[in-house]
Amino acid sequence: MVEPTAPSRPFVDLSDEQVHWDLSKSLSYSQYLQLDLLLGAQNPLSHHHDEMLFITIHQVSELWMKLCLHELTGVLDCVRRDDLDPSFKMFGRVSLIQQQLLQSWEVLATITPSDYSAFRNTLGTSSGFQSFQYRQLEFLIGNKNARLIDVFRSEPAVHAALERTLHAPSLYDETLRLLSSRGIDIPVEVIDRDFSQPYQPGKQVAAAWLSVYHNADKDWDLYELAEKLVDLDYKFQLWRFSHMKTVERIIGHKAGTGGTGGVSYLHKALEFKFFPELWTIRTSM
């Protein structure tokens with residue numbers, strides 16, 4: 001009996017495709033993305049298998065934060081020039097990026113306490129607390145704390161960049177200026193102040209936002225801006241909570257490598273809101 005011949009494995013026929021096979025004199029995918037630098041940046045200091053995951057997750061998160069800064073800088077420019085429509089696409093993109101950052105904790109949480117303890121000492125005093133991009137994000141959006149840039153004094157260029165962001169009006173500051181320029185009653189001391197200091201919420205600003213919501217038909221773009229800000233804040237709160245629970249799952253209540261209390265420090269941040277009046281007025285609607 002003759003055995004039937006096994007069918008050949010199907011393949012994609014490229015004979016009619018104009019593939020650029022010789023890239024010796026043109027820009028390649030690897031060159032454009034500088035993959036030699038990008039993929040050469042994962043260098044575990046231990047021999048433990050899970051350190052590669054730990055490094056990769058944090059590096060990818062930094063890339064997402066870089067894109068968030070790019071998009072929110074664009075949003076800030078739109079708010080300054082009172083041209084809000086283009087900003088809504090940027091806000092939408094940031095929201096999706098935040099979802100990716102949120103999901104990253106699920107991957108990191110696959111590291112068990114014993115796995116992490118096997119390479120934790122190789123981190124020394126390095127910590128996510130020292131992420132200058134995360135600090136810049138918080139300053140840009142509206143969480144100002146001058147003390148937090150002291151940890152970057154050993155990096156003069158980074159320290160100077162953070163100091164500039166610290167003293168510049170935040171996204172919320174510029175938003176309140178926009179409301180004022182549209183004829184909405186915002187106290188002078190709110191829009192003309194030392195922007196390096198933490199923002200203090202007030203009843204007049206809450207009343208201003210209520211007027212935006214009550215006149216949504218007339219000021220639809222301001223109403224939409226308010227909701228985009230709430231979404232941005234909401235996703236940050238989810239990110240902080242997931243961060244705290246992931247840390248608790250992996251190291252319990254040990255101190256963080258950067259010198260903070262770990263979970264106790266992360267818990268302090270959970271109640272912070274970038275745009276406080278946009279939350280308080282919901283009870284009044």
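The paragraphs below go through a predicted model, from the whole chain to one helix, one cavity and two residues.

The protein chain contains 13 helices and 0 strands. Reading along the sequence, one therefore meets α thirteen times in the pattern and nothing else, and the radius of gyration of the chain is 24 Å, well over the 19 Å that the globule rule gives for 285 residues, so the chain is more spread out than a compact globule. Along the principal axes, the C-alpha atoms fill a box of roughly 90 × 50 × 45 Å.

Other totals describe how the chain is packed. Of its 285 residues, 42% count as buried. The chain exposes about 17000 Å², and carbon and sulfur atoms supply 57% of that area. Contacts can also be sorted by how far apart the partners lie in the sequence. Among contacts between residues at least 6 apart, 70% join residues at least 24 apart.

Helix 6 is a useful place to look at burial in detail. Of the 10 residues of helix 6, 9 are buried, so this helix is largely enclosed by the rest of the structure. The buried residues are Gln-133, Tyr-134, Arg-135, Gln-136, Leu-137, Glu-138, Phe-139, Leu-140 and Ile-141. What do these buried residues of helix 6 pack against? Their partners are helix 3, helix 7 (156-167), helix 8 (171-181), helix 11 and helix 12. After helix 6 comes Gly-142, which has a positive phi, near 145 degrees.

The next step is to look for space inside the model. Rolling a probe the size of a water molecule over the atoms shows where empty space is left. A search of the whole structure finds 1 cavity of 30 Å³ or more. The volume of the largest cavity is about 90 Å³. Which residues line the largest cavity? The lining consists of Met-65, Cys-68, Gln-98, Leu-101, Tyr-134, Leu-137, Lys-235, Phe-236 and Trp-239. By type, these lining residues divide into 7 nonpolar, 1 polar and 1 charged.

The lining can also be read by helix. Helix 3 (51-80), helix 4 (85-108), helix 6 (132-141) and helix 11 (220-251) each supply at least two of its residues. The most comes from helix 11, with 3 residues. Tyr-134 and Leu-137 are part of the lining, and both are also among the buried residues of helix 6. An α-helix has 3.6 residues a turn, so residues three or four places apart point the same way.

Helix 12 offers two residues in contrasting settings. Leu-266 is found in helix 12, and Lys-268 has its place there too, the helix covering residues 263-268. Is Leu-266 buried or exposed? Leu-266 has 13% relative accessibility and so counts as buried, because the cut-off for buried is under 20%. Lys-268 has 67% relative accessibility and so counts as exposed, because exposed means over 50%.

Distances to other parts of the chain complete the picture. Leaving out residues up to four places away in sequence, Leu-266 touches His-243, Met-244 and Val-247. From C-alpha to C-alpha, Leu-266 and Val-247 are 9.0 Å apart in space, with their positions 19 residues apart in sequence counted as separation. Lys-268 and Ile-250 are 18 residues apart in sequence, and their C-alpha atoms are 19 Å apart in space.

Methods:
Residues are numbered from 1 along each chain as its sequence is written. This is a predicted model: local features need pLDDT of at least 70, side-chain atom pairs count only at pLDDT 80 or more; totals for chains, interfaces and linings use all residues. Side-chain values use heavy atoms; hydrogens and water are left out. On a 1 Å grid over the protein atoms alone, a cavity is a set of points where a 1.4 Å probe fits but cannot get out, and a pocket is an open set with protein on both sides within 12 Å along at least five of seven lines; lining residues have an atom within 4 Å of a point. Grid points are joined across faces, edges and corners, and a volume is the space filled by probe spheres set on the points. Helices (H or I, at least four residues) and strands (E, at least two) are DSSP runs, numbered from the N terminus. Ala, Val, Leu, Ile, Met, Phe, Trp, Tyr, Cys and Pro count as nonpolar, Asp, Glu, Lys and Arg as charged, and the others, Gly among them, as polar. The radius of gyration is taken over C-alpha atoms; the globule rule is 2.2 Å times the number of residues to the power 0.38. Buried means under 20% relative accessible area, exposed over 50%, partly exposed in between (1.4 Å probe, protein chains only). Contact means heavy atoms within 4.5 Å. Accessible areas come from the Shrake-Rupley method with a 1.4 Å probe; for residues, only the protein chains shown count as cover.
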